[in-house]
Amino acid sequence: FDNSNNNYHNPSTRCPSLAVLGTMSDAGKTTIVAGICRILSNEGVRVAPFKAQNMSNNAQPALLPNSTRRKRLYESFEAAVTIDRQQQQQQQRAPQETSSSSLSSRSSGRKSDNGNDSDKEGGGYGEIGTAQALQAEACRLVPRVEMNPLLLKSGGRNEKGEYLCSVVMLGKQIVRETYGDLGERTTSLQRMVLESHDALAEATDAE
């Protein structure tokens, strides 16, 4: 905001991203961000919502990114999951062929899904949190999966009684695992999140 000219936006400059934080769920973050997005949009600012990680079972359709970049990020994450599971099996020194086959089947199925006709053309739809879809509408934008690159859907427990979540990365479910296992993948997930933010920054007036 330029106080000297009472203008919200100077077309010759780019603005840093703005973070809206809250101390708990249902604090009003989604509504406040949607309001800010509409105000900036009304002033001619190119703005887009972004939430690196959302934990919600409520989702809406969103445009998938470029198929080449999406495939690279998917395969990188799937490889990390496969290696971790293999190491766990070796440490436990117990045969878990069924679990290993199940994971390989899911990974293979996901890669096959990414090869459908719409993905080859760089189109198609994935899913993001409903909150980010609403905020995209406030920006007068079509929702994109980069707006919520990591969506966690809770549900079920494993044989040890540990809670499980479905990991939706860039609009597509990659794997279903425990929150503990997911927490060990911060580095591989960070790369995907940062690339998603950069993709949105290039399409808006943000840095």
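Helices α1 and α5 cross in a right-handed sense in this predicted model. Two packed helices are described by the angle between their axes and the distance between the axes. For α1, which spans residues 29-42, and α5, the axes come within 8 Å and the crossing angle is roughly 20°. Angles under 35 degrees count as roughly parallel, so α1 and α5 are roughly parallel to each other.

What does each helix bring to this meeting? From α1 come Thr30, Val33, Ala34, Cys37, Arg38 and Ser41, and they meet Ala131, Leu134, Gln135, Glu137 and Ala138 of α5. Sorted by character, the residues of this contact are six nonpolar, three polar and two charged.

Now for the cores. The largest nonpolar core has 20 residues, and Val167 and Met192 are the ones that touch the most other members. Several elements feed two or more residues into this core: helix α5 (130-138), strands β4 (150-157), β5 (163-169) and β6 (172-178), and helix α7 (186-202). Helix α7 chips in the largest share, with four residues. Another core, made up of six residues, lies apart from the largest one, and its members include Val33, Cys37, Val47 and Ala138.

Stepping back to the whole chain, the protein has seven helices and six strands. Along the sequence they follow the pattern α-β-β-α-α-α-β-α-β-β-β-α-α. Of the protein's 207 residues, 37% count as buried. As for contacts between residues at least 6 apart in sequence, 69% of them join residues at least 24 apart.

Definitions and conventions. Residues are numbered from 1 along each chain as its sequence is written. This is a predicted model: local features need pLDDT of at least 70, side-chain atom pairs count only at pLDDT 80 or more; totals for chains, interfaces and linings use all residues. Side-chain values use heavy atoms; hydrogens and water are left out. A nonpolar core is a set of buried Ala, Val, Leu, Ile, Met, Phe, Trp, Tyr and Cys residues joined through side-chain atoms within 4.5 Å. Buried means under 20% relative accessible area, exposed over 50%, partly exposed in between (1.4 Å probe, protein chains only). Axes are lines fitted to C-alpha atoms, for helices over the stretch in contact, and angles run from 0 to 180 degrees between N-to-C directions. Angles under 35 degrees count as roughly parallel, over 145 as roughly antiparallel, 65 to 115 as roughly perpendicular and the rest as oblique. A crossing is left-handed if the near helix is turned anticlockwise from the far one by less than a right angle, and right-handed if clockwise. Contact means heavy atoms within 4.5 Å. Ala, Val, Leu, Ile, Met, Phe, Trp, Tyr, Cys and Pro count as nonpolar, Asp, Glu, Lys and Arg as charged, and the others, Gly among them, as polar.
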